[in-house]
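Thanks for coming. I have one structure to go through today, so let me put it on the screen.

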Amino acid sequence: EVEGFFLPSDEIRTGKDSVCDIQLMDGIIIRIKQNSVITLKKIWVDSGRKEMAANIELNKGAIFAKLVSKLTKNSAFNVKTPTSTAGVRGTEFLVQDNGDKSDVLVNDGTVSVSAVDDDKNVGEEVIVDQGHKVTTEKDNKMKKGDLTEDEKKSLGEDSQSVQSITEDAKARIEDILKDFEDNKARIKQHLDDQKESNRIELEGQKDKNKQELEDQKARDKAELESVKGSTKAEKEGLKSKGKSEMDEIKKEKGSLKDKLSPN
């Protein structure tokens, strides 16, 4: 068993005794039977509105589709073969291509089937009800008939098997959503813890920066006081020196005056 995702225009091939189940959205799943080739021409899903558009080309083999939920008016689900187009809104049906012709077998609900010729021209449309089938050929011939007991049995087995796949997928989706909610709670707690850690670190940095600023202010003040003290001392020294020099000059003047005075 392999799980994976498919994209539009992907081609899917199955070998002998193998099948591929694809869940397009909740309640809508297709089973690609053995020895089949399909191309996902268009896949668009809006799970919130429960709308989708799917165009699938069956190039070889058979495909079983189960639509548990009825499609909305804005949705479409079509399976094309070289000789027919089958469109549904809520049903269980099988489309198989046999080269020159294709069959649409309806297990539940109704399917709208149109014939397609080699030039891709779409012919008459017929509605196939539960328990019936229609065969289309390249010449646009269409033939309706009843399902055989073997065909009913085969469709029933596919329906039950696909239903279990759908329920398993739903359970896995619920587990994924639960894990997402748990992870979201853990992520939120981690973010809250990180915010608190950042807040504490930021407050600590603010206190550190504030203390460094106060220390710098104290150093600047002390340096300024030191400069002021030095400047004052220098002023006093210059003032004292100037006074001494002035006294010395006065003394010299007095001595010279005494020398010049007549006896």
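I will call a residue buried when its relative accessible area is under 20%, exposed when that area is over 50%, and partly exposed in between. F77 has a relative accessibility of 1%, so F77 counts as buried.

Before going further, note that this is a predicted model. The mean pLDDT of the protein chain is 81, and 85% of the residues score at least 70. Which elements sit at the two ends of the confidence range? Strand 9 has the highest mean pLDDT, at 93, and helix 1, residues 149–260, has the lowest, at 76. As a general caution, predicted coordinates should not be read in detail where pLDDT is low.

Back to F77, then. Searching the whole structure for aromatic pairs turns up one. The partners are F77 and F93, in an edge-to-face arrangement, with 6.3 Å between the centres and 85 degrees between the planes. F77 belongs to strand 6, residues 76–80, and F93 to strand 8, residues 92–97, so the pair ties together parts that are 16 residues apart in sequence. F93 is buried as well, with a relative accessible area of 0%.

Next, the charged side chains. How many salt bridges does the model have? The count is nine. I will go through three of them.

The first on my list joins D21 and R31, with an N to O distance of 2.7 Å. D21 is in strand 2 and R31 is in strand 3, residues 28–32, so this bridge ties together parts that are 10 residues apart in sequence. The two partners fall into separate accessibility classes: D21 is partly exposed at 27%, while R31 is buried at 8%. This bridge also has company, since D21, R31, K33 and D158 are linked in a network of salt bridges.

The next one is between E92 and K66, at 2.3 Å, N to O. Here E92 lies in strand 8 and K66 in strand 5, so the bridge ties together parts that are 26 residues apart in sequence. Are these two residues buried or exposed? Both E92 and K66 are buried. Strand 8 has now come up twice: F93 of the aromatic pair lies in that strand, and so does E92.

The last one I picked is in the helix. K152 and E149 form a salt bridge with an N to O distance of 3.8 Å. The two residues are three apart within helix 1, about one turn of the helix. K152 is partly exposed, at 38%, and E149 is exposed, at 58%. Keep in mind that helix 1 is the element with the lowest mean pLDDT.

Now a charged residue without a bridge. D103 is in strand 9, residues 101–108. D103 is buried but has no salt bridge. Why does K101 not qualify as a partner? K101 is the nearest side chain of opposite charge, but it is 5.3 Å away, and a salt bridge requires the nitrogen to be within 4 Å of the carboxyl oxygen. What D103 does have is polar contacts: its side chain reaches the side chain of T135 at 2.5 Å and that of N98 at 3.1 Å. Leaving out residues up to four places away in sequence, D103 touches L94, V95, Q96, N98, V134 and T135.

Two backbone items. In general, most residues other than glycine have a negative phi. D17 has a positive phi, near 60 degrees. D17 sits in the loop between strand 1, 11–13, and strand 2, 20–25, and at 67% relative accessibility D17 counts as exposed. K50 also has a positive phi, about 60 degrees, and is not a glycine. The loop holding K50 runs between strand 4, 37–46, and strand 5, 51–67, and K50 is exposed at 59%.

Finally, V45, which is in strand 4. V45 is partly exposed, with a relative accessible area of 31%. Which residues does V45 contact, leaving aside neighbours within four places in sequence? They are L24, M25, E51 and M52. For M25, the separation from V45 is 20 residues in sequence and 7.1 Å in space, C-alpha to C-alpha.

That is my list. Questions are welcome.

Notes. Residues numbered from 1 in each chain as written. Predicted model: local features only at pLDDT ≥ 70, side-chain atom pairs only at ≥ 80, totals over all residues. Heavy atoms only, no water. Phe/Tyr/Trp six-rings, centres within 6.5 Å; stacked < 30°, edge-to-face > 60°. Helix = DSSP H or I, 4+ residues; strand = E, 2+ residues; numbered from the N terminus. Buried < 20%, exposed > 50% of the residue type's maximum accessible area, 1.4 Å probe, protein only. Lys, Arg positive; Asp, Glu negative; His and termini not counted. Polar contact = N/O pair within 3.5 Å; in protein donor to acceptor, adjacent residues only side chain to side chain. Contact = heavy atoms within 4.5 Å. pLDDT = per-residue confidence, 0-100.
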